[in-house]
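Trainee: Could you give me a close look at one part of this structure, please? I'd like to go slowly, with the terms explained as we meet them.

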Amino acid sequence: MHQALCLKTLLLLSFGGYVFSQDQCTKASVSTCDDCIKSGPACAWCQELNFTKPGEQEAVRCDTRTVLLGKGCLETNIVSPRSNHKKDKDRPLSGGQHQKDPVQIQPQEITLELRPGHPFTFEFKFQRAEGYPVDLYYLMDLSYSMGDDLKNVKNLGIQLLNKLKSITGHARIGFGSFVDKTLLPFTDTNEEKLKKPCPPKEKDCQPAFGFQHVLNLTEDAELFTTMVSKQNISGNLDTPEGSLDAIMQAVTCVDQIGWGNSTRLLVLATDAGFHMAGDGKLAGILEPNKETCQLDGNMYSKSNIWDYPSVGQIARKLEKQNIQPIFAVTENVADVYTELSKLIPKSAVGVLSADSSNVVNLIVEAYNKLSSSVIMTHDVLPEDITVKYASDCETGDKKETCNGVTIGKKVTFNITVKAESCIDTKSFNIGPMGFRERLKVNVKTRCKCECDNRMSLHEHCNNRGSVICGTCRCQGGFLGQRCECSLGEKDEATLKAQCRKDNGTECEGRGECECGVCKCHLTEGGQYYYGSHCECDNEHCEKYQNKLCGGNGNCRCGVCECFEDFEGSACQCRKSNDACTTSGSDCHGRGKCVCNQCVCMREYKGPKCEKCHTCQLPCQKSGSCIECLAFGTGSFAKNCSKSCSHLQHEMNEKLINNDCRVKDHEGCWMFFSMTEKDGFDKYSVKILKERECPEGPNVAAIVGGSLAAVALIGFLLLLIIKGFIYVKDLKEWRNFEKEKQRSQWAKGDNPLFQKATTTVANPAFTGDS
């Protein structure tokens, strides 16, 4: 594999990365060398003076190199710009030696001049240098469950920094922490809980927060230990943390954190999953993450305003800043971060012990794994530019990847750049992911011919113009293939307008406009185009059995003129109507007989246009004609024969098929049946002699019924009124009876009442006993 790639590289570079294409030259409207070069990567131009014959267009000069050589054009007269390159900066690699400012990529800047459509390949070398500095930012989850881990991290600064320096020689370390957004449902928003989100037994607890930057990148391990020792645990409600919020700030706050020109590592230590874009809606946060640094006094100021970033945003920012993340997580969430690592190039996952005591070895192992993997990447490419990679290493599952690259080992990538079209000068960067060094690629396109036979006022142009790339460029006042036409009083635009049909292409692209007259070119078959605008030729008519006009006619200006016994668009049929004949006409008068087959019109179908499955009988539309033809009445009564000539009728005592029923102007029902005849809208009609007319009204019955109805209604009204009165009286009587039964009379005597006294004197009584 290695030998094959080296051989391929040698072949590419021996031709300056230029590969000749065997494709055809597909040219459209070509009149100059520049037009030809832009037509396609396989197109070349012949600049010989007398290469074109009289009447031939200049586009004949444009074709593949092979075709032009076959037509007699000398190799020295063929113009076909090749792609090339120039190394603007090409400092040698530092190798494995320890240097202050090591060079790990070569070249550092290159300019490519590309022929559109042709890929160009060049070599890119990479070699890991010893002592390349490392910046490590330790980003720690300070939720309550990470209490034991914080105690160990407070003591790892010196150990971690010494370990990194033993590998690279130069290392710096920084520290930041995070928990989550201080909003429900992520954090308890009770005032006391915001101040102390930990359980009551926890004495050292800091208020709830999203992300805080604690320590800039520094070589001072003692300062790291001091600053981290001041940190206390915090807390939140739900299990996932605001990890992505913290990563985004650590990546975008380059100046605040102090990221340098070095290998950049971001260690995320946590025992929980992470919130992602969209989760902020649970707390009423609708504004998306803006991917910018928002530190205010080392605290993330937009924590409760912006949503969490998406995984795609994190991956894009990490790649842009060449920061390689190491996820140091506990075993319970290792699978989650392993899946996350698959979405973020140049990242690693390590499993922490329960108290993070193995974090130093974990980071060192992850660093060695990441730094030994070389993945080529590039910026967002300019439009119409593509880049492909191929490496000489045998490891790596992709062409742009090399694994197991140790310090001092050189790897070579063959980078192929292709411009699809002519563009202005564009630039982009290429380099290994995770390293700050970049190759700047400047791209130009070669879309102009660089001919060497530029001659002024040449006799080839009748001394009225200059020769450029074999063709004439006329002076003012002259035009034509060889400047043979003098404009005189007319301007050039007026003369050229006479050569355009309907404001189209000049001479239909088939000739040259000379002094307002089209001089037509030869066709491919050796004949000439003709017509006032070269619009006609006798070679492009319809073919039948691979013969022009089926061999049964002549082609005239794109249309077949058939011999006497033939017809059809390609004269493919003998004239005959045997299969089209019906009683009295061809195709029942509903189509044309073409090539002995009926071509039906409207919606008629069938071999002889005898059926129309979607057509309906025009019963209602024919009502007026039926009335005038059968009964001599109606709106067409005065000109019935003229208006209804399409109907042939007969009167019948009875109808077997009663297809139609239509009312006449008197409201009587007319019954008739319709049978379609040959042609369109022609019918044979059978009409029933008797119409069904409604009987007149019975006046006596109507008057008597009306009076009876009035009397009945009056009687019913009286009964209803009487009923209401009876019901009301009955109700009053019953109320009176109830009141009578409830009344009680008093039995006591009235003190003012004195009984009557009657004294009777007996006249015979004397009083003597």
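Mentor: Happily! Residues are called buried under 20% relative accessible area, exposed over 50% and partly exposed in between (1.4 Å probe, protein chains only). This is a predicted model, where local features need pLDDT of at least 70 and side-chain atom pairs count only at pLDDT 80 or more, while totals for chains, interfaces and linings use all residues. Residues are numbered from 1 along each chain as its sequence is written, and side-chain values use heavy atoms, with hydrogens and water left out.

Let's begin with the charged pairs and work towards the spaces. Arg 602 is exposed at 56% relative accessibility, whereas Asp 681 is partly exposed at 41%. Their side chains form a salt bridge (a side-chain nitrogen of Lys or Arg within 4 Å of a carboxyl oxygen of Asp or Glu), with an N to O distance of 3.4 Å. This pair links distant parts of the chain, 79 residues apart: Asp 681 is in the loop between β40 (669–676) and β41 (683–688), and Arg 602 in the loop between β37 (597–600) and α14 (623–631). Those labels are DSSP runs numbered from the N terminus, helices being H or I with at least four residues and strands E with at least two.

Another link between distant parts joins Lys 689 to Glu 653, with the closest N and O atoms 3.0 Å apart. Lys 689 is in the loop between β41 and α16 (699–742), Glu 653 is in the loop between β38 (647–652) and β39 (660–663), and 36 residues separate the pair. Glu 653 is exposed at 56%, while Lys 689 is partly exposed at 38%.

Asp 88 and Lys 86 also meet in a salt bridge, 3.7 Å from N to O. Here Lys 86 is exposed at 52% and Asp 88 is partly exposed at 32%. Elsewhere, Lys 496, Arg 500 and Glu 506 are linked in a network. By this rule, the structure has 18 salt bridges.

Now for a part that is enclosed. In strand β21 (residues 439–445), 5 of the 7 residues are buried, so the strand is largely enclosed by the rest of the structure. Strands pair if DSSP finds at least two bridges between them. On the parallel side of the story, β6 (residues 109–114) is joined to β21 by 6 bridges, and Glu 113 stands opposite Lys 444. In the antiparallel sense, β20 (residues 426–432) pairs with β21 over 5 bridges, with Ile 430 opposite Leu 439. β20 and β21 form a hairpin with 6 residues between them, and Gly 434 in that turn has a positive phi of about 95 degrees.

Keep Gly 434 in view, since that residue leads us to the spaces. On a 1 Å grid over the protein atoms alone, a cavity is a set of points where a 1.4 Å probe fits but cannot get out; a pocket is an open set with protein on both sides within 12 Å along at least five of seven lines, and lining residues have an atom within 4 Å of a point.

Gly 434 and Met 433 are among the residues lining the second largest cavity, together with others including Ala 315, Leu 318, Ile 344, Pro 345 and Lys 346. Two or more lining residues come from each of α10 (311–320) and β14 (323–330), and α10 gives the most, with 3. The space there is about 60 Å³, a volume being the space filled by probe spheres set on grid points joined across faces, edges and corners.

Ile 344, Pro 345 and Lys 346 turn up again in the second largest pocket: with Ser 347 and Ile 375, they lie nearest its centre among 21 lining residues. This pocket holds about 560 Å³. At least two lining residues each come from α11 (334–343), β15 (348–352), α12 (359–371) and β16 (374–378), with the largest share, 3 residues, from β16.

Follow α12 onwards to the largest cavity, which holds about 90 Å³. Of its 13 lining residues, Arg 128, Ala 129, Tyr 132, Tyr 367 and Ile 407 are the closest to its centre. Both α5 (157–168) and α12 give two or more residues to that lining.

Last comes the largest pocket, with about 910 Å³ of space. It is lined by 36 residues, and Ser 31, Thr 32, Glu 58, Cys 472 and Glu 512 are the closest to its centre. Strand β23 supplies the largest share, 4 residues, and elements giving at least two include α2 (33–39), α13 (492–497) and β26 (511–514).
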